[in-house]
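Reader: I should like to go through this model term by term. For each label, please state the value and the criterion behind it.

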Amino acid sequence: MESSFPFGVILAVLAFLIIAANALVAVAELLLIHRNDGVSLCFTLNLAVADTLLGVAISGLVTDQLSNPARPTQKTLCSLRMAFVTSSAAASVLTVMLIASDRYLAIKQPLRYFQIMNGFVAGACIAGLWLVSYVIGFLPLGVPIFQQTTYQGPCSFFAVFHPRFVLTLSCAGFFPALLLFVFFYCDMLKIASMHSQQIRKMEHAGATAGAYRPPRTPSDFKAVRTVAVLIGSFTLSWTPFLITGIVQVACQECHLYLVLERYLWLLGVGNSLLNPLIYAYWQKEVRQQLYQMALGVKKGLASFLLLFLARDGGPDVSRESSCHIATISHPQLDG
């Protein structure tokens, strides 16, 4: 109980932050999709939804960590909970792969991108992604060698799933995908550098001829930067957990379960908190939409305050409050 209680508190705080941050970014993405109708925005929205579901899934584990250890959760219920956690985590990781592939296609085939990546293809990719995610998450329930032979609460990943499951995921999915990511990133960086060189040559030729110099378009480098940050955070978050899980399979006497479940698994789950922060900081459209949402909330609170003061203070206070609230509702923007 003493060792599980702090872990349960950390898990509860992490689940709350993951749900709140991703729900906020998901609302911003929905508003952007409604206004712009962009296919790539659907992928980032799917990432926020997957991370939100992961936060909801791990919140179900909090009660197991904080409850009486004399009455642990039944093995079947624990297996189902961990299957949903694994499915949501797999959906998050696969969506990062999908975003990287989408950006790679946009840079590699800029003229044909909108012909290839239409709404039907994007919907099919997202539907297939969730199907694969749930197959991965519920795979241990149908394959006995991926299950632990004995169960002792509280409910946790390795209480019901054997490290062989982590070994299979690492060798069949994670590390091949990581190599593919490296290829995508290097090729995207090469293409973006070529575009930049072409733009510089055109600017130099225009300057020599005395013509107008067109502004540079750094969108390729922005896409490369966003993909690099996403892949980097995903790699740093999950690689320690997967490698240590492989070590546990190779060394049965090592007993690394405490390190895996208390620290490295939390590090991997924490990637779902990094994803919305990355998009809120690096993506200009998301950042601007969040700013507009904050202004809307501020204006709504100001209107509520105006009604409250008008009811209690009379018309004179109402007029003064209207002038003051109009000032806070329409701030001056620099630049």
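Reader: How many helices and how many strands are there in the protein chain?

Author: In this predicted model, the protein chain holds 12 helices and 0 strands. Read from the N terminus, the order of elements is α-α-α-α-α-α-α-α-α-α-α-α. Of its 335 residues, 41% count as buried. Among the contacts with a separation of 6 or more, 76% are accounted for by residues 24 or more positions apart.

Reader: What makes T95 buried or exposed?

Author: The relative accessible area of T95 is 0%. The label "buried" requires a value under 20%, so T95 is buried. The residue is found in helix α4, which covers residues 75-108.

Reader: Which residues does T95 touch, beyond those up to four places away in sequence?

Author: T95 touches F43, N46, L47 and L129.

Reader: How do you know that the side chain of T95 has a polar contact with the backbone oxygen of A91?

Author: A polar atom of the T95 side chain lies 2.6 Å from the backbone oxygen of A91. The limit for a polar contact is 3.5 Å between N or O atoms, and the 2.6 Å pair is therefore within it.

Reader: Why is M82 called buried?

Author: M82 has a relative accessible area of 0%. Since the cut-off is under 20%, M82 is buried. This residue also has its place in helix α4.

Reader: What is M82 in contact with, leaving aside its neighbours within four places in sequence?

Author: M82 is in contact with L61, C155, S156, F157, V160, F161 and W265. In addition, the C-alpha atoms of M82 and A57 are separated by 8.1 Å, the two residues being 25 apart along the chain.

Reader: Why does L131 count as exposed?

Author: Its relative accessibility is 59%. Exposed means over 50%, so L131 counts as exposed. L131 is found in helix α6, residues 119-142. From C-alpha to C-alpha, L131 lies 9.1 Å from A91, with their positions 40 residues apart in sequence.

Reader: What makes G119, also in helix α6, exposed?

Author: G119 has a relative accessible area of 54%. That is over the 50% cut-off, and G119 is therefore exposed. The C-alpha atoms of G119 and C42 are separated by 9.3 Å, although the residues are 77 apart along the chain.

Reader: Where does H255 lie, and what is its phi?

Author: H255 lies in the loop between α9 (219-250) and α10. Its phi is near 55°, a positive value in a residue other than glycine. With a relative accessible area of 59%, against a cut-off of over 50%, H255 is exposed.

Reader: Why is α10 called roughly parallel to α11?

Author: Two packed helices are described by the angle between their axes and the distance between the axes. The axes of α10 (residues 257-269) and α11 (residues 271-282) come within 5 Å and cross at roughly 30°. Angles under 35 degrees count as roughly parallel, so α10 is roughly parallel to α11. The contact is made by L267, G268 and V269 of α10 together with N271, S272 and L273 of α11.

Reader: How do the residues of that contact divide into nonpolar, polar and charged?

Author: There are 3 nonpolar, 3 polar and no charged residues in the contact of α10 with α11.

Reader: How do you know that the span of α11 agrees with its number of residues?

Author: Helix α11 has 12 residues, which at 1.5 Å a residue should span 16 Å. The expected span takes one less than the number of residues. The end C-alpha atoms of α11 are 16 Å apart, and the two values therefore agree.

Reader: Which residues of α11 are buried?

Author: The buried residues of α11 are N271, S272, L273, N275, P276, I278 and Y279.

Reader: Why is W282, in helix α11, called partly exposed?

Author: W282 has a relative accessible area of 27%. Buried requires under 20% and exposed over 50%, so W282 is partly exposed. Leaving aside neighbours within four places in sequence, W282 is in contact with R225, V229 and R287. W282 and T226 are 56 residues apart in sequence and 6.8 Å apart in space, C-alpha to C-alpha.

Technical notes:
Residues numbered from 1 in each chain as written. Predicted model: local features only at pLDDT ≥ 70, side-chain atom pairs only at ≥ 80, totals over all residues. Heavy atoms only, no water. Helix = DSSP H or I, 4+ residues; strand = E, 2+ residues; numbered from the N terminus. Buried < 20%, exposed > 50% of the residue type's maximum accessible area, 1.4 Å probe, protein only. Polar contact = N/O pair within 3.5 Å; in protein donor to acceptor, adjacent residues only side chain to side chain. Contact = heavy atoms within 4.5 Å. Axes fitted to C-alpha atoms, helices over the stretch in contact; angles between N-to-C directions. Parallel < 35°, antiparallel > 145°, perpendicular 65-115°, else oblique. Nonpolar A, V, L, I, M, F, W, Y, C, P; charged D, E, K, R; others polar.
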